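Reader: I've got this model open at the bench. Could you walk me through one part of it up close, strand by strand?

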Amino acid sequence: MSDSDIRIPTGAKERRDLIILGGGLVGMTLALAAARAGISSHVIDRADPADLVAEGADGRASAVSTASWNLFCNIGLGKRLEPLGCAIDSIAVTDGMKPGRIDFQPKPDEGTLGRMYANRDLRIALFEAAKDEPNIAWHVKTEAVRRDRGPHGVEVELSDGRILTSSLLVAAEGRQSPTRDEAGFSMAKWDYQHRAMVTGLFHSKPHGGTAWEIFYPAGPFALLPLLDDAQGRHRSALVWTVAEKDAKGVIAMSDAMFLSEVAEKMHGVLGDIELSAPRMSYPLRFHHAVNVVDERLAVIGDAAHGMHPIAGQGLNLGLRDVGALVEVLSEGMRLGLEPGDAQLLARYEKWRSLDSVMVMAATDTLTRLFGIPGRVPSAVRRLGMGAVQRLPALKRFFMDEARGMSGKLPELLQG
């Protein structure tokens, strides 16, 4: 993707309905969903799209729930994404590969537990759709150096000197959102003192659509199924959680040593392995904004809430923000209200507050019960797993969370 593919408007102070700060997976999905509803936007991102979708630039993958898949279909991305996702047919959960594992497997009429996508494939689909959408003005390799919000609208000055205006500012800048921090949002946050080691693996045995969540005393170890590559090689994504105090040692490992450690933890379930993507790492922290709106400002995705990846719901929670915000704005605009109207923002916040708190609380409980080494004895972990296995209602709750089907969903996220 070259700069010539990206449509940048000319003229000072071009006004659109929204200014979206951050053109990542959540921010660009918002722009496309809004465009489908007739809502125009400026999307601002400091990155170069060509760098983000370069082969080998990002080895991460994301679980896309049934609800999130519905959203992608409803905004016209279904055909682009259908051949690229790997269905999660079951989830195997085990305490260090000891006997007594839990298998989450939906009934035949319930569909899959979601789909796994390489982040690169999601970005390519979103970027290709965005560059052809007249309701989206995409500003790349630049950032906001001034953000002014007031009774009559929003004005943003970019680092390249352009000035953009809108009715509503949306912060989709990720966990380190400068817009959220500048607005003074109160945050509940803590550090799990762990780091996720993320990469992709080729393996000799097929995964059969099964995702593995293996709990070790040092932290969770997840294997997530991906489609075979063009050469027919079997692939999975790896998310290996290690204590922060041990992270430097793992990062410093050679690829051969790293693979040896990974193979030992896999117990041969996927056969021989080799790396299929770059190794990356990031710290694991919890944060949740007490409020997600302010005057002419809405905060979505990781800018509003960040959680442990143990349940794979980070992206899905952000996409539920997108569905709710677009539904609230489009209904309000049909009644003659502008996107930045305080009544609409209050409705959005009320809608999202309960759902996001419930998902994050459930994820944090899972993390503390199964994923925090040294805090929960192995026997207690096994007891918790046994309770999930024996109680149908509890098992159903975890499956609904995996599918992203709990809570009241916006229309865009319904089939």
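Author: Sure, here's a look at one strand and its partners, with a second strand and a helix pair afterwards. Keep in mind that this is a predicted model, where local features need pLDDT of at least 70, side-chain atom pairs count only at pLDDT 80 or more, and totals for chains, interfaces and linings use all residues. Residues are numbered from 1 along each chain as its sequence is written, and side-chain values use heavy atoms, with hydrogens and water left out.

Let's start with strand β11, residues 163-171. Strands here are DSSP runs (E, at least two residues), and helices are H or I runs of at least four, both numbered from the N terminus. In β11, 8 of the 9 residues are buried, so the strand is largely enclosed by the rest of the structure. Buried means under 20% relative accessible area, against over 50% for exposed and partly exposed in between, using a 1.4 Å probe and protein chains only.

Now for the neighbours of β11. Two strands count as paired if DSSP finds at least two bridges between them. Strand β1 (residues 15-21) runs parallel to β11, joined by 6 bridges, and there Leu21 sits opposite Ala171. Strand β19 (residues 297-299) is also parallel to β11, with 3 bridges; look for Leu169 facing Leu297. Strand β10 (residues 153-158) pairs with β11 in the antiparallel sense over 4 bridges, with Val154 partnered by Ser166. β10 and β11 make a hairpin with 4 residues between them, and Gly161 in that turn has a positive phi of about 95°.

Next, strand β14, residues 219-226: 7 of its 8 residues are buried, so it too is largely enclosed by the rest of the structure. Strand β13 (residues 210-216) pairs with β14 in the antiparallel sense through 5 bridges, and the two form a hairpin with 2 residues between them. Phe215 stands opposite Pro220 there. Strand β15 (residues 234-243) is antiparallel to β14 too, over 6 bridges, and Pro225 has Ser236 as its bridge partner.

Last, the helices. The axes of α1 (residues 25-36) and α5 (residues 119-131) come within 10 Å and cross at roughly 30°. That makes α1 roughly parallel to α5, a label for angles under 35 degrees. Axes are lines fitted to C-alpha atoms, for helices over the stretch in contact, and angles run from 0 to 180 degrees between N-to-C directions. In α1, Leu25, Met28, Thr29 and Leu32 meet residues of α5 including Leu122, Leu126 and Phe127, where contact means heavy atoms within 4.5 Å.

How values were computed: Parallel < 35°, antiparallel > 145°, perpendicular 65-115°, else oblique.
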